[in-house]
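The following exercises introduce a structure step by step. Please attempt each task before reading its solution.

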Amino acid sequence: MAKFLRTSGRAGVRRYVDAAARLLIRVGVSANAVTVAGTALVVAAAVLLLSQGHLLAGLIVVGLSVLTDMLDGAIARVKGTSSRFGALLDSTCDRLADGAIFAGLAYYLLAEDRYLGAALALTTVVVSQLVSYVKARAESLGAECNVGIVERPERLIIAGLAVLVEVFRVPFALEAGLGLLAVLSTVTVVQRLVHSHAALAASEEPVDA
């Protein structure tokens, strides 16, 4: 029953997203334009809201950007214009958006003299980029790398919950959330390295460093 409800829920959401995608296609909006617009929205929220301590407003704007993540894929699917460049642009914009979010939080925490939190936010920026880099590099060498306990959706959910709890003035909420993210992201990097080592060793194909 639960599986049926999840499947039905996804189908319902997809139906509405596809309807919105068709409307955007009719007015000439491309998937890549939606990707760039959504990223610009996140960066603006990080710079103008999160970094200035307007955490709830920033959280709402970043949350709305999730709609663009769904829409760009839906536009490409409905229009039949999925491309390798579109995938590259989407991945690049995701990295930019993530960096902006955590850099914005780092600036806010630094301005509040919460140095541990700022350091954890910057650590999360670096390690989260490594999570994506290890996968991309491993796959470019011929090894699938779809392992890891924390990917982008989980990172955004944990960060969003930490910001939400911070809004309610729970002490050290951001420090706790960012610390958890830094640890889980580091574990994910290690998981991917170990998995990639085994996969590449099994292929027995010498590759220059």
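**Exercise 1.** Determine in which helix alanine 46 is placed, and whether alanine 46 is buried or exposed.

*Solution.* The model examined here is a predicted one.
Step 1: Alanine 46 belongs to helix α2, which spans residues 31-48.
Step 2: The relative accessibility of alanine 46 is 1%. Buried means under 20% relative accessible area, so alanine 46 counts as buried.
Step 3: Apart from neighbours within four places in sequence, alanine 46 is in contact with Ser51, Ala100, Ile101 and Gly104.
Step 4: A distance may be added: 8.0 Å separates the C-alpha atoms of alanine 46 and phenylalanine 102, although these residues lie 56 residues apart along the chain.

**Exercise 2.** Locate threonine 124 and list its contacts, leaving aside neighbours within four places in sequence.

*Solution.*
Step 1: Helix α5 contains threonine 124.
Step 2: Because its relative accessibility is 0%, threonine 124 is classed as buried.
Step 3: With the neighbours within four places set aside, the contacts of threonine 124 are Phe102, Leu178, Leu181 and Ala182.

**Exercise 3.** Describe the largest pocket by its volume, its lining residues and the helices that supply them.

*Solution.*
Step 1: The volume of the largest pocket is about 450 Å³.
Step 2: The lining consists of 17 residues, and those closest to the centre of the pocket are Ser91, Asp94, Arg95, Ser132 and Lys135.
Step 3: At least two lining residues come from each of α4 (84-111), α5 (115-140) and α6 (152-167). The most are given by α5, which contributes six residues.
Step 4: By residue class, the lining comprises ten charged, five nonpolar and two polar residues.

**Exercise 4.** State how many disulfides the whole structure holds, and decide whether cysteine 93 and cysteine 145 are buried or exposed.

*Solution.*
Step 1: A search of the whole structure yields zero disulfides.
Step 2: Cysteine 93 has a relative accessible area of 8% and is therefore buried.
Step 3: Cysteine 145, at 0% relative accessibility, is also counted as buried.

**Exercise 5.** Establish which stretch of the chain has a pLDDT below 50.

*Solution.*
Step 1: The average pLDDT of the protein chain is 88, and 91% of the residues score at least 70.
Step 2: The stretch in question is residues 1-9, where the pLDDT is below 50. Beyond near neighbours in sequence, residues 1-9 have zero contacts in the model.
Step 3: Predicted coordinates should not be read in detail where pLDDT is low.

Technical notes: Residues numbered from 1 in each chain as written. Predicted model: local features only at pLDDT ≥ 70, side-chain atom pairs only at ≥ 80, totals over all residues. Heavy atoms only, no water. 1 Å grid on protein atoms, 1.4 Å probe; cavity = no way out; pocket = protein on both sides within 12 Å on 5 of 7 lines; lining within 4 Å. Points joined across faces, edges and corners; volume = space filled by probe spheres on them. Helix = DSSP H or I, 4+ residues; strand = E, 2+ residues; numbered from the N terminus. Nonpolar A, V, L, I, M, F, W, Y, C, P; charged D, E, K, R; others polar. pLDDT = per-residue confidence, 0-100. Contact = heavy atoms within 4.5 Å. Buried < 20%, exposed > 50% of the residue type's maximum accessible area, 1.4 Å probe, protein only. Disulfide = S-S within 2.5 Å.
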